[in-house]
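Welcome, and please get your viewer ready with the model loaded. We will go from one selection to the next and look at what each one shows.

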Amino acid sequence: QVQLVESGGGLVQAGGSLRLSCAASGRTLSRYTMGWFRQAPGKEREFVGAIRWSGASTYYPDSVKGRFTISRDNAKSTVTLQMNSLIPEDTAVYYCAAGVRSIYDIRDSVYDYWGQGTQVTVSS
C-alpha cells in the first residue's frame with residue numbers, strides 16, 4: 001500500500017505560481033510512475049502530467065506544457081508539481097497518483113493509489 005498526501009494548494013492571482021507537493025508513505029515510490037490530475041467542478045478528472053519512476057522522463061498535455069513541471073525525489077518519497085503562469089482555467093482540485101504504467105498512458109484508471117487532493121484557485 002502507498003499513502004499519498006498532497007499539500008501546497010491555495011489561492012493565487014492569474015500569472016502567479018504555486019508549488020504542490022505529494023508525500024508518500026508505505027512502500028517506496030521508486031518503482032512507481034507518478035501522475036498529477038485535476039478536477040474542476042462539473043468536469044471530468046483531467047491528466048496534468050506524469051513522471052517516470054527514475055525521474056528521467058516526463059509527459060504533459062498541451063494545456064499545461066511549458067507552464068507546469070513535475071519533479072521527484074525518490075529518497076524523500078516526494079513528488080512536486082511546479083505551476084507557473086497560472087490561469088483561471090487551472091482552478092481545480094489537484095491529485096497525485098501512483099501507478100506502474102507508462103507516463104504516456106493518461107487514463108486515471110491505470111493509477112493504483114491516490115491522494116485526497118488539494119484545492120488550487122486562480123483568480124482573474
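In the hairpin of E4 and E5, which residue takes a positive phi? Select Gly 42: its phi is near 80°, and the hairpin has 6 residues between the strands.

Before moving on, some ground rules. This is a predicted model in which local features need pLDDT of at least 70 and side-chain atom pairs count only at pLDDT 80 or more, while totals for chains, interfaces and linings use all residues. Residues are numbered from 1 along each chain as its sequence is written, and side-chain values use heavy atoms, with hydrogens and water left out. Strands (E, at least two residues) and helices (H or I, at least four) are DSSP runs, numbered from the N terminus.

**Stop 1: strand E4 and its partners**

Select residues 33-39, which make up strand E4. Of its 7 residues, 6 are buried; buried means under 20% relative accessible area, exposed means over 50%, and partly exposed lies in between, with a 1.4 Å probe and protein chains only.

Now add residues 92-99, strand E9. E4 and E9 pair in the antiparallel sense over 7 bridges, where pairing requires that DSSP finds at least two bridges between two strands. To find one of these contacts, pick Gly 35 and look across to its bridge partner in E9, Ala 97.

Next, show residues 46-51, strand E5. E4 pairs with E5 in the antiparallel sense too, over 5 bridges. Here the residue to pick is Phe 37, whose bridge partner in E5 is Phe 47.

**Stop 2: the aromatic rings**

Keep Phe 37 selected and add Trp 114. The whole structure holds 8 aromatic pairs; rings of Phe, Tyr and Trp (its six-membered ring) pair if their centres lie within 6.5 Å, and planes under 30 degrees apart count as stacked, over 60 as edge-to-face and the rest as tilted. Phe 37 and Trp 114 have ring centres 5.0 Å apart and planes at 50°, so this pair is tilted. The two rings come from distant parts of the chain, with Phe 37 in strand E4 and Trp 114 in strand E10 (residues 111-114), 77 residues apart.

Is each of these two rings buried or partly exposed? Phe 37 counts as buried because its relative accessible area is 1%, whereas Trp 114, at 23%, is partly exposed.

Then widen the selection to Phe 37, Phe 47, Tyr 59, Tyr 95, Tyr 104, Tyr 111 and Trp 114, which form one aromatic cluster.

**Stop 3: charges over rings**

From the cluster, zoom in on Tyr 95 and bring up Arg 45. Arg 45 lies over the face of Tyr 95, 5.7 Å from the ring centre; a charge sits over a ring if NZ of Lys or CZ of Arg is within 6 Å of the ring centre and within 35 degrees of the ring normal. For another example, select Arg 31, which lies over the face of Tyr 32 at 5.2 Å from the ring centre.

**Stop 4: salt bridges**

Side chains of opposite charge can pair when their charged atoms come close. A search of the whole structure finds 7 salt bridges, each being a side-chain nitrogen of Lys or Arg within 4 Å of a carboxyl oxygen of Asp or Glu.

Stay on Arg 45 and add Asp 108: their side chains meet in a salt bridge at 3.2 Å, N to O. This pair also links distant parts of the chain, as Arg 45 is in the loop between E4 and E5 and Asp 108 in the loop between E9 and E10, 63 residues apart. Arg 45 is partly exposed at 32% relative accessibility, and Asp 108 is partly exposed at 28%.

Back on E4, which side chain meets Arg 38 in a salt bridge? It is Glu 46, at 2.8 Å, N to O. Arg 38 is buried, with a relative accessible area of 6%, while Glu 46 is partly exposed at 31%.

Now select Asp 105 and Arg 107, whose side chains meet at 2.7 Å, N to O. Asp 105 is buried at 15%, and Arg 107 is partly exposed at 45%. Elsewhere, salt bridges that share partners join Arg 38, Glu 46, Arg 67 and Asp 90 into one network.

**Stop 5: two serines with positive phi**

Select Ser 77, in the loop between strand E7 (68-73) and strand E8 (78-83). Its phi is near 55°, a positive value in a residue other than glycine, and Ser 77 counts as buried because its relative accessibility is 14%.

Finish at Ser 85, in the loop between E8 and E9. Phi of Ser 85 is positive, near 50°, and this serine is partly exposed at 42% relative accessibility.
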